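Please open the structure in your viewer and keep the selection tool at hand. The tour proceeds from one selection to the next.

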Amino acid sequence: MSQSISASRVATLAGDFHRSPAYVGLADALKELIGDGRIGYGTRLPSERELTAALGVSRTTVTRAYAVLRDTGYAEARHGSGTFTRLPGGPTRAHDRALWPTHVSGGVIDLVCAAATAPPGMAAAYAEAAAALPAHLGNHGYYPAGLPDLQAAIASSYDDRGLPTDPEQIIVTTGALAASAVVGAALVGPRERVLMESPTYPNAVQALKTGGGRLVTIPLDPSGWDLDAVGQVLAKHGPRLVHVMPDHHNPTGLVMTEDERAAYARLLSRHGATALVDEAHHTLRLDDDPPLPPFATFSPDAITVGSVSKSIWGGLRMGWIRAPHNLVDTLTRARVGLDLGAPVLEQVLLTQLIGSGLETMLAVHRERLREQRDALVAALHEELPDWTFRVPVGGMALWCHLPSDPPAGATALVIEAERHGVMLAPGPSFAPAGGLDRYLRFPFTVPVPQLQEAVRRVADAWRAVYGTGPASSAVPRRRGGVLVA
């Protein structure tokens, strides 16, 4: 049965919302409450008559506010049953458009999806692959494990990193998420647990629940991994699978040291857990530190997933699984249950790129990200000096901590920033078990002028929510269900 919420509870949560006009203020307050989960997804809202009495407003105010919620995707009317909450894109948490890449126009800067445009040379690479395609047209075109030449090329890339790999250990997929879904379907059944960090990449959470496994989370400290805590959680919950992102973690940008990788691997071995290592960002090293050994170097039973969608271009939906020999058949069978293989053209393209051209594209991509990262850091220091963050040595985003004094968090800011023409994902989007509303992911994946403009708009939104003076010295008043100065 659907949950419901009383009119008195809604009135308490909404607070003294702004009333210029009142229906907009009420709609804004309800959007925030639905977005950050205080009013749950699929909850039946009070009737218009009940909420009118509880708030002391006109019936027209509530009617128009509910209409705004329906028009913007935060509610739906069910004939004979009432008005129920929903979220744009589905039952995700806290304005979680990180799960739903958007197409925007009209001057809106979309920083929800941390992905860059294609590097120079991509069109020519596709043309070259298309020219080689006729050689593959004489067979059925199904390759559940991948084109043999591509398997060999990916295996060779692991050899070059110091992790000996046979081509048979590689299963080619349509991206790292598809690879994670295969692993989830194969290894995590309804009775088994999967351990994930919080924060983490939200799409990975959905992918690993493919087999119906139960999620267990462990906080990831802003300064790094707490291995003592990891050991305690492993001992208490006995997860079958442990999801880790040791290289340029999304969203924090953290990098696990070599000693941490070895210690983490020992913990997994001691407790009989298998690591699922997400290496989607491992090539996005922006500073001069030497690359670290793959996590699987220390954990022979680990399953590694990789991708070129972040390191090259999101439109090139190519990823892979590197599996221990004893799991290859199990994973291949699970993969066939989801699809029968990746597109041949893209496989030919990636095979050619790994052979020649990939490093040139990566160098261009990294240089572009480095310039954009530095510009974003400078703009935030100038416009929002109270915000704190670590400057990541790689990856595609800053993980920003909002000052602790303001009484509302990132969800309220994201709502206001969208009015100013910037779309961002707040911390709760990356929290599988909720929380993290003092954090905001700020990608540096668009050109420098757009980043600088985005920061100016977000700074305006920040002042609109919290006032123009220092947050700690402002005199608060209620607006849209949150305290603002």
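In this predicted model, begin by selecting strands β11, β14 and β13, which form an open sheet in that order, with antiparallel pairing. Residues 397-401 make up β11 and residues 425-426 make up β13; these two strands stand at the edges with a single partner strand each, so one side of each has no neighbour in the sheet.

Next, display β14, residues 439-443, together with β11: five bridges join these antiparallel strands. Within this pairing, Trp399 has Arg441 of β14 as its bridge partner. Now add helix α13, residues 358-383, which lies across β11 and β14 and runs at about 20° to β11.

Turn then to the aromatic rings, of which the model holds five pairs. Select Trp399 and Phe430: their ring centres are 5.7 Å apart and their planes stand at 85°, over the 60 degrees required, so the pair is edge-to-face. Because Trp399 belongs to strand β11 and Phe430 to the loop between β13 and β14, the pair ties together parts 31 residues apart in sequence. Is Trp399 buried or exposed? At 8% relative accessibility, Trp399 counts as buried, and Phe430, at 1%, counts as buried too.

Proceed to Trp462 and Tyr466, another edge-to-face pair, at 4.3 Å centre to centre and with 65° between the planes. Both residues lie in helix α15, residues 448-466, four residues apart, or about one turn of the helix. Both are buried, and with Trp387 they form one aromatic cluster.

Finally, select Arg64 and Tyr23: the charged end of Arg64 sits over the ring of Tyr23, 3.9 Å from its centre. Arg322 likewise has its charged end over the ring of Tyr158, 5.9 Å from the centre.

Terms used
Residues are numbered from 1 along each chain as its sequence is written. This is a predicted model: local features need pLDDT of at least 70, side-chain atom pairs count only at pLDDT 80 or more; totals for chains, interfaces and linings use all residues. Side-chain values use heavy atoms; hydrogens and water are left out. Two strands pair if DSSP finds at least two bridges between them. Contact means heavy atoms within 4.5 Å. Axes are lines fitted to C-alpha atoms, for helices over the stretch in contact, and angles run from 0 to 180 degrees between N-to-C directions. Rings of Phe, Tyr and Trp (its six-membered ring) pair if their centres lie within 6.5 Å; planes under 30 degrees apart count as stacked, over 60 as edge-to-face and the rest as tilted. Buried means under 20% relative accessible area, exposed over 50%, partly exposed in between (1.4 Å probe, protein chains only). A charge sits over a ring if NZ of Lys or CZ of Arg is within 6 Å of the ring centre and within 35 degrees of the ring normal.
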